[in-house]
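Reader: I've got this one open in my viewer. Can you walk me through it?

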Amino acid sequence: MTDKTRVRFAPSPTGHLHIGGARTALFNWLYARHLDGTFILRIEDTDRSRSTEEFIAAIIEGMKWLGLDWDEGPFRQTDRFDIYRRYAERLIREGKAYYCYCTAEELEARRKEAMEQGKSPKYDGRCRHLKEPPGGRSGAVRFMMPQSGHTVVDDLIRGKVVFENSQLDDLIILRSDSTPTYNLTVVVDDVDMKITHIVRGDDHLNNTPKQIQLYQAFGYEVPEFAHLPMILGSDKTRLSKRHGATSVLAYREMGYLPEALLNYLVRLGWSHGDQEIFTRDELIRHFSFDSVGKAAAVFNPEKLLWLNSQYMMNTSPDVLAEMVMPFLIGEEIVSEGEQIDREWLARAIDTLKERSKTLVDLAKSLRYYISIDVKYDQKAKDKFLNEKTLPYLGDLRHRLDTLNEFSHAALEQLFRSVTETHGIKLGALAQPVRVAVTGGAESPGIFDVLEVLGKEKTLKKLDNAMRMIETSQGSTR
RNA sequence: GUCCCCAUCGUCUAGCCCGGCCUAGGACAUCGCCCUUUCAAGGCGGUAACGCGGGUUCGAAUCCCGCUGGGGACGCCA
């Protein structure tokens, strides 16, 4: 029996699930699914002052929205403090860790001084061989790092990375309040949860030799590592709020499809030839660390938007009809609890989906199909709804009245006959009608719009537009 | 400052490991044209990159060294 691949995503709940975290989660998930392994979700909430329940909930919601399902967990490190303490005590007992009584302030001051003198801000190890604990202080526990030789990180993406042990710090594994710190908890958990591959951001590469030393001190086998390149903002610095939305759920609110976000994220650092668009199954089938790049990538919202529009186009109108509902309510186009004929909505969406980049765009365009009242665009109104176009509109409205089959073909035929009568081009009639029913100068094909709208709504909108022209004429003259 | 990582169009990337097929391919964005009742979508085409300097070699985007540039880490954060 071969050991099953086990990977984990281990966010700390000090913020929302962000773009970078989501990409890390995605690569872990993909790797697990590709190898039919196990994907574990673990919440690293040992920093109690900054971790919140809200963020835990938000991270879980983000994961669910993206469809990154986990097989075990979510585990919480705060539930496991006893385990970490036991491991730390074992290290002390074996002489591999010791109490340090320096205060945080002293440490901070020494670090600062070292930096100013251009020296490495490394802990000097002064408490290593302390015989008598100074009174009145509770100590933190430090792991005794070897100070000679070197530690090699054999990374699936970067290859072999060598660190001199002399530059490794005696890191704190237990705070003076006896709560464990990150470097201890990751190692203990990864051992305990039998993690075979640690897939995480590049920013952890420097922590890796320290953790390897910890594995070795415990006598455990070191897992495989894969350090993913960072995602940067447009100015090539670490992606942050000032670069725009970074929270995954913010993209949900902006009307992005989870599949599109995932597809965008996967191509940040990973590729499969020239292919840009992948189904989930294709991703799972093709994913490999061999095709993950080493260089950091700049997050490009425009390409994400393009991908989203591609996904919108390729999603069936029925599915979009369900997905757009919250946005219709959000835009106050439909009120909560109001019933909307889904079949009709799907037909309306079918005309709109290839010109909507997001679900928000789609919802906004749907407004003119759903409500009778039209919000006229001022420029379009001035240009197309005036005394010059009024006769065409009037004639059309009159003939529309007698049309009993409100279909694309019948409408087209009728429009043609109106334009012939007046000796005008189709655009000269279509544009005024477009503005009358949609309020703007841009929309799907006019026959499609009217067909979806139906006779009743069309006539009402036409009447309203004509009345508006007449009254504004009266008021300005 | 010290350590670590990285380096192909503005951006994401293919090619690099196993030198010649590279006059460097694709995608986003951008520009132009076509289609057209408007706007999209779509089609066609254009602009645009191997950071620099040394090697190695008949031959280097591809291998080696240096430089430069960028990023990350250096917490009783994770």
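**Helix α6 and RNA strand B**

Author: Sure, and keep in mind that this is a predicted model. Let's start with helix α6, residues 208-218, which is mostly covered: nine of its 11 residues are buried.

Reader: Which residues of α6 are buried?

Author: Buried here is under 20% relative accessible area. In α6, that describes Thr208, Pro209, Gln211, Ile212, Gln213, Leu214, Tyr215, Ala217 and Phe218.

Reader: And what residue follows α6, the one with a positive phi?

Author: Look just past the end of the helix. The phi there is near 80°, and the residue is Gly219.

Reader: Over to the RNA: which residues come nearest to strand B?

Author: There are 63 residues around RNA strand B. The ones that come nearest are Gly118, Arg175, Gly269, Arg355 and Arg434. On the RNA side, the share of strand B atoms within 4 Å of the protein that belongs to sugar and phosphate is 69%.

Reader: How many nonpolar, polar and charged residues does that surface have?

Author: Sorting the surface near RNA strand B by class gives three groups. The counts are 24 nonpolar, 19 polar and 20 charged.

Reader: What residue puts a side-chain N or O atom 2.3 Å from a base oxygen of strand B?

Author: Two other contacts use the protein backbone: a backbone N or O atom of Cys102 is 2.6 Å from a base nitrogen, and a polar backbone atom of Tyr182 is 2.9 Å from a phosphate oxygen. The side-chain contact to a base oxygen, at 2.3 Å, comes from Arg434.

Methods
Residues numbered from 1 in each chain as written. Chains lettered and ligands numbered in written order. Predicted model: local features only at pLDDT ≥ 70, side-chain atom pairs only at ≥ 80, totals over all residues. Heavy atoms only, no water. Near = heavy atom within 4 Å. Polar contact = N/O pair within 3.5 Å; in protein donor to acceptor, adjacent residues only side chain to side chain. Nonpolar A, V, L, I, M, F, W, Y, C, P; charged D, E, K, R; others polar. Buried < 20%, exposed > 50% of the residue type's maximum accessible area, 1.4 Å probe, protein only. Helix = DSSP H or I, 4+ residues; strand = E, 2+ residues; numbered from the N terminus.
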